[in-house]
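Please work through the exercises below with the sequence and the structure in view, trying each task before reading its solution.

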Amino acid sequence: MKQTLNPCKPRHPFALAAHRCKGGAHRRSASGLRQRAARELRAELARPSP
């Protein structure tokens, strides 16, 4: 029995990979900012007050 492999369809040479198709401003997302604020608040509340 002879097996034949179909060659893969060639990729578009000018198309970008999906992980590179992120446009817009380079800044943290809203959820990232919210998590950071919560982390900072927990750290401030854990510090002993004078």
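**Exercise 1.** Find how many salt bridges a search of the whole structure gives, and name the residues that form any such pair.

*Solution.* In this predicted model, a search of the whole structure finds one salt bridge. The partners are R36 and E40, whose closest N and O atoms lie 3.4 Å apart. This distance is within the 4 Å that the definition of a salt bridge requires, so the pair counts.

**Exercise 2.** Work out where R36 and E40 stand relative to each other along helix α1.

*Solution.* Helix α1 covers residues 30–46, and within it R36 and E40 are four residues apart, so that about one helical turn separates them. In general, side chains of opposite charge can pair when their charged atoms come close.

**Exercise 3.** Decide whether R36 is buried, partly exposed or exposed, and do the same for E40.

*Solution.* Buried means under 20% relative accessible area and exposed means over 50%, with partly exposed in between. R36 has a relative accessible area of 40%, and therefore counts as partly exposed. E40, at 47% relative accessibility, is partly exposed too. For the chain of 50 residues, 2% count as buried.

Definitions and conventions:
Residues numbered from 1 in each chain as written. Predicted model: local features only at pLDDT ≥ 70, side-chain atom pairs only at ≥ 80, totals over all residues. Heavy atoms only, no water. Buried < 20%, exposed > 50% of the residue type's maximum accessible area, 1.4 Å probe, protein only. Salt bridge = Lys/Arg side-chain N within 4 Å of Asp/Glu carboxyl O. Helix = DSSP H or I, 4+ residues; strand = E, 2+ residues; numbered from the N terminus.
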